[in-house]
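Biologist: I have a few labels to challenge. Please show me the model first.

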Amino acid sequence: MTLYSSPATSVATLGGGCFWCTEAVFQQIRGVLKVESGYSGGANPNPTYEQICTGHTGHAEVVRLSFDPAVISYRELLEIFFTIHDPTTLNRQGNDAGTQYRSVIYFHDDEQKVIAQDVIKGMKAVWDDPIVTELTAAPTFYLAEAYHQNYFKQHPEQGYCSFVVAPKVAKARKLFSSKLVG
C-alpha cells in the first residue's frame, strides 16, 4: 500500500497533452480525491519543466489521480480522458507539440490494463483516425514544480487558460454534469 492508494482509493496516471488542462477537468469530478501534475515515462530522474520542454527527456506531462472507485470507476475516468483530449494526434495536442504532450495511459495493475484496452477498443468507433494513445505500465511519477499545481484555479485569466484550458473544462462540465463535484 502506498501513500496514494488504499483499499478505499485507487490511482490512475494519464497524459493528455498539457497537464494544466487535464488537471483542471479532473479536479471537478466527484470521486477524484487528489490530482497532481507531474512527469512520467522518461529516463532522467527528477526532471524539471525546462528539461521536459526540450522534448529530449522522454517524459510526458501527466496527472496522477487518487480516486474512490466506489464513487467513480477507472473506466469512467478513461471515458472522460478520451473526451477531453485528441487521442489520434501523435505527440501533439492542439498547438502543443512534442513527445511530452503525447496521449498516454500508465496502468498500475493488470485490471487497469485490461480496462484501458477495452476502452481504447471502444473509442475506435468514436474517432475517425486511429487511436495513438500509448498504454504502458506506470513508471516512476515525478511531481511537477509547485507553480504547476492547481494552475487553472490560480490563473483562470491567463491567456493559455482562457483559450485552451477553459473550453476543455466547459466541455467536460457539459458532457459529465452528473459526475461533477457538488
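Modeller: This is a predicted model, and the questions below take its labels in turn.

Biologist: Why is helix 1 called oblique to helix 3?

Modeller: Helix 1 (residues 19–26) and helix 3 (residues 74–84) pack at about 135 degrees, with axes 11 Å apart. Over 145 would count as roughly antiparallel, and 65 to 115 as roughly perpendicular. The angle of about 135 degrees fits neither range, so the pair is oblique. The crossing of helix 1 past helix 3 is right-handed.

Biologist: What makes the contact between helix 1 and helix 3?

Modeller: Helix 1 gives Thr22, Val25 and Phe26; helix 3 gives Leu77, Ile80, Phe81 and Ile84. Heavy atoms within 4.5 Å are the criterion. By class, six of these residues are nonpolar, one is polar and none is charged.

Biologist: How do you know which strands are the edge strands of the sheet?

Modeller: The open sheet has six strands, in the order 7-6-1-3-2-8. Strand 7 and strand 8 (141–143) each pair on one side only, and they are the edges.

Biologist: What makes the pairing mixed?

Modeller: Strand 6 (residues 103–107) runs parallel to strand 7 (residues 134–137), joined by four bridges. Strand 1 (residues 10–16) pairs with strand 6 in the antiparallel sense, also over four bridges. At least two bridges are needed for a pair. Both senses occur, and the sheet's pairing is mixed.

Biologist: Which elements make the β-α-β unit, and what is its hand?

Modeller: Strand 6, helix 4 (residues 110–123) and strand 7 make the unit, and it is right-handed. Helix 4 lies across strand 1, strand 6 and strand 7, at about 150 degrees to strand 6.

How values were computed:
Residues are numbered from 1 along each chain as its sequence is written. This is a predicted model: local features need pLDDT of at least 70, side-chain atom pairs count only at pLDDT 80 or more; totals for chains, interfaces and linings use all residues. Side-chain values use heavy atoms; hydrogens and water are left out. Helices (H or I, at least four residues) and strands (E, at least two) are DSSP runs, numbered from the N terminus. A crossover is right-handed if, with the strands pointing away from the viewer, the path from the first strand over the helix to the second runs clockwise. Axes are lines fitted to C-alpha atoms, for helices over the stretch in contact, and angles run from 0 to 180 degrees between N-to-C directions. Angles under 35 degrees count as roughly parallel, over 145 as roughly antiparallel, 65 to 115 as roughly perpendicular and the rest as oblique. A crossing is left-handed if the near helix is turned anticlockwise from the far one by less than a right angle, and right-handed if clockwise. Ala, Val, Leu, Ile, Met, Phe, Trp, Tyr, Cys and Pro count as nonpolar, Asp, Glu, Lys and Arg as charged, and the others, Gly among them, as polar.
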